[in-house]
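Hi everyone, thanks for making the time today. I'd like to walk you through a structure that will be new to most of you, so please have a look while I talk.

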Amino acid sequence: MTGVRIMITAVIAACGLAGAAAAQNFTSQMQATGDFDGDGLTDTAQMVSNDRGYHVTVTRGAAPRDPAVIAEGPAERAPNTMNVVPPGEFRTTAAGPGEGRSEQIRTRGQALIYGTAESSSALVYWTGDEFRTVWLAD
Ligand SMILES: [Ca+2]
């Protein structure tokens, strides 16, 4: 009897898990850390997506309860790359969303580049007061 009861319990548990998995939205996540604002504290960039959409946030080590929302959008446009890059010069594209002109940007600290591997990429860098996002030329 004990063996039968254990087996029934196992079947019920398996059905419960399958139902829970089917009801849950698919979620993916990427994370990268660096010192994006140059204050010596580790900052964390995170991209979370599910079937309702995605968002990218950067949380400064100095303000752990106040993440900055960098980007949001539909799930099908969710970024699939996220990298920390050292200080350098970057050329923005005039074709991306925003001001519609190309610009040369010199970053003073670590920055974040996220995007889709086969398409667009965005640079996120600290201006001294806030995070700014620009679209990069290929
Ligand atoms: Ca920092």
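Let's start with an inventory: how many helices and strands does the secondary structure of the chain come to? The count is one helix and ten strands. Please keep in mind that this is a predicted model. If you read from the N terminus on, the helix comes at the start, and the strands follow it, giving α-β-β-β-β-β-β-β-β-β-β.

Now to the sheets. One open sheet is built from four strands in the order 1-2-3-4, and the pairing is antiparallel. Strand 1, residues 28-34, and strand 4, residues 68-73, stand at the edges with a single partner strand each, so one side of each has no neighbour in the sheet. Ignoring direction, neighbouring strands here are turned by 10° against each other on average.

Let's look inside this sheet for a moment. Strand 2 covers residues 43-50 and strand 3 covers residues 53-59, and seven bridges pair them in the antiparallel sense. If you'd like one spot to find on your screen, try Ser49, which stands opposite Tyr54 in strand 3.

There is another open sheet of four strands, and its order is 5-8-9-10, also with antiparallel pairing. Which strands stand at the edges, each with a single partner strand? They are strand 5, at 81-85, and strand 10, at 131-135, so each of them has one side left without a neighbour in the sheet. From one strand to the next, the twist in this sheet averages 20°.

Within that sheet, strand 8, residues 111-115, runs antiparallel to strand 9, residues 121-126, and four bridges join the two. Here you can look for Leu112, which stands opposite Val124 in strand 9.

Next, a stop at a single residue. Asp39 sits in the loop between strand 1 and strand 2. Is Asp39 buried or exposed? The answer lies in between: Asp39 has 13 C-beta neighbours inside 10 Å, so Asp39 counts as partly exposed. Another residue to pick out is Gly61, 22 residues away from Asp39 in sequence, with 8.5 Å between the two in space, C-alpha to C-alpha.

Finally, two figures for the whole chain. The chain has 138 residues, and 16% of them count as buried. Among the contacts in the chain with a separation of 6 or more, 44% are between residues 24 or more positions apart.

That's my tour. Thanks for listening!

Key: Residues numbered from 1 in each chain as written. Predicted model: local features only at pLDDT ≥ 70, side-chain atom pairs only at ≥ 80, totals over all residues. Pairing = 2+ DSSP bridges. Axes fitted to C-alpha atoms, helices over the stretch in contact; angles between N-to-C directions. Buried ≥ 20, exposed ≤ 12 C-beta atoms within 10 Å, placed from the backbone. Contact = placed C-beta atoms within 7 Å.
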